[in-house]
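This briefing goes through one protein chain, moving from a single strand outwards to the sheet and then to the domains. Please keep the sequence and the structure in view while reading.

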Amino acid sequence: MATDAQVFPASEPARWTYLDKIRTRPGPFTNRDLFEGKNVAENMEKMKVLVIGAGGLGCEILKNLSMSGFKDIHVIDMDTIDLSNLNRQFLFRHADVGKSKAEVAANFVMKRVKGVKITPHNCMIQDFDEDFYMQFQFVVCGLDSIEARRWINATLVNMVDEEIEDSYKPLIDGGTEGFKGQARVILPTVTSCIECQLDMHAPRAAVPLCTLASIPRQPEHCIEWAHVIAWENEKPFPKLDNDDPAHINWLYQKALLRAMEFNISGVTYSLTQGVVKNIIPAIAATNSVIAAACCNEALKIASNCAPCLGFPDNNYMMYSGNDSIYTYTFKHEKKDDCPVCGNLARELAVDPAWTLQELIDSFAARPEAQLKKPSVRAEGRTLYMQFPPSLEQQTRPNLEKKLTDLGLEQGQEIGVTDPAFATVSFKFKLKFTKKT
Ligand SMILES: [Zn+2]
């Protein structure tokens, strides 16, 4: 078995034959006003592109971009390689466990694809400023964190200067979850952005307790029942340890009995483990399909050989491999009340009887906000600040007060900030759900 990057010199020239046929000759969808086949290869060699993430998607993306003729690639990833990555993050070997993902991935691809330069950055995306991001032609994201996506999205939107064409940096974003995935292209301020599309990443709804208690319909409901209700009633062990096979097995047996009672099939030990630990399996094939779609967009943007996603309309491709294979491409509309690329305040339904604490807690769960550490201001007044500690202490008494007692009214605008999105102030307009 191959253990290291190998180069087969005989394949070198042949490697580019088919790529050059695609990128140097116009096809039926090519816009001939933009396309210059004879200069494409040379232009692409000079382009600097940035990849964020060197994990499941990132390994695929780095390999694909290198094989698509890009020669100057930077990659950012702050993670180190874990043993459990090796089944799908194919640029890593056993001996690499513990090393930087960005560095090992860069070295592997450089060894394998002659002439490509990959510069690794073993750090957080937040460690760089706009000057750094400005040097790239476009950004490709292969991330599993919504927070990181929102940060880079807000940064790229902020960088746009209408007078300077080069300040528009297209963002190609791939994401996978189990058998599902998506690929989308965002042209900052022009097309719908990640924040406009935030509801596509809504936190998974919890199953209502009554379903678990009375009418389970799925194997997961039986497992949740064992996990939430049976465990509490019977306390077979003092404290549930998700990593203890005896504990998982107890839950599995309980769930199995319940599933038989309701004639539900599909409860297994590994599903029990997955539900209890809230694991979504990472699937190599899904990563491969989504990374390919993203790099296809990169090649189109770089060469103009065909219009990329978003031109003219459809900007979002979703993929589902759950039952056979299904893809659907549609237009996700830009939102006027997007806190990042729009300028209107977004409506926020609230109960006027809530305390400020209840309002603050609600931001984490709302699909349109998903803010974990929000600070709130209204009409120049600070209602609550998470940082610094002195201001937190000063504003803490407000948490117990009702919204109406704080002077908040129907239709009023509030400003919300969160340390995860330093540059953005989210504007919301209060919409009371009850009469005061
Ligand atoms: Zn937006």
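How many of the seven residues of strand S5 (residues 171-177) are buried? In this predicted model, six of the seven are buried, and strand S5 is accordingly described as mostly covered. The points below set out the pairing around S5, then the sheet that contains this strand, and finally the chain as a whole.

**Strand S5 and its neighbours**
- On one side, strand S4 (residues 138-142) pairs with S5 in the parallel sense over four bridges, and one pair of bridge partners is Cys 141 with Asp 173 in S5.
- The connection from S4 to S5 passes through helix H6 (residues 146-159), and the β-α-β crossover made in this way is right-handed.
- S5 also pairs with strand S6 (residues 180-186), here in the antiparallel sense and over seven bridges, with Leu 171 standing opposite Ile 186 in S6.
- S5 and S6 form a hairpin in which two residues lie between the strands, and Gly 178 in the turn has a positive phi of about 60 degrees.

**The sheet**
- Eight strands make up an open sheet of mixed pairing, and their order is S3-S2-S1-S4-S5-S6-S7-S8.
- The edges are formed by strand S3 (117-121) and strand S8 (326-330), each of which pairs on one side only.
- On average, neighbouring strands of this sheet are turned by 15 degrees against each other, with direction ignored.
- Towards the S8 edge, strand S7 (residues 316-320) runs antiparallel to S8 and is joined to S8 by five bridges, and Met 318 has Tyr 328 in S8 as its bridge partner.

**Domains and annotation**
- The protein is divided into domain 1 (9-202 + 282-330), domain 2 (209-276) and domain 3 (346-432), and the centres of domain 2 and domain 3, taken over C-alpha atoms, are separated by 38 Å.
- An unreviewed UniProt entry carries the annotation "domain: E2 binding" for residues 348-433.
- Over residues 348-433 the chain is 20% helix and 27% strand, and the C-alpha atoms at the two ends are 10 Å apart.

**The chain as a whole**
- The secondary structure of the protein comprises 13 helices and 13 strands, and the C-alpha trace spans about 70 × 55 × 45 Å along its principal axes.
- Of the 436 residues in the protein, 38% are buried.
- Among contacts between residues at least 6 apart in sequence, 65% join residues that are at least 24 apart.

Key: Residues are numbered from 1 along each chain as its sequence is written. This is a predicted model: local features need pLDDT of at least 70, side-chain atom pairs count only at pLDDT 80 or more; totals for chains, interfaces and linings use all residues. UniProt positions are given in the numbering used here, feature names are shortened, and annotations may be inferred rather than shown by experiment. Two strands pair if DSSP finds at least two bridges between them. Axes are lines fitted to C-alpha atoms, for helices over the stretch in contact, and angles run from 0 to 180 degrees between N-to-C directions. Domain bounds come from an automatic or database domain assignment. A residue is buried if 20 or more other C-beta atoms lie within 10 Å of its own, exposed if 12 or fewer, and partly exposed in between; C-beta atoms are placed from the backbone. Two residues are in contact if their C-beta atoms, placed from the backbone, lie within 7 Å. A crossover is right-handed if, with the strands pointing away from the viewer, the path from the first strand over the helix to the second runs clockwise.
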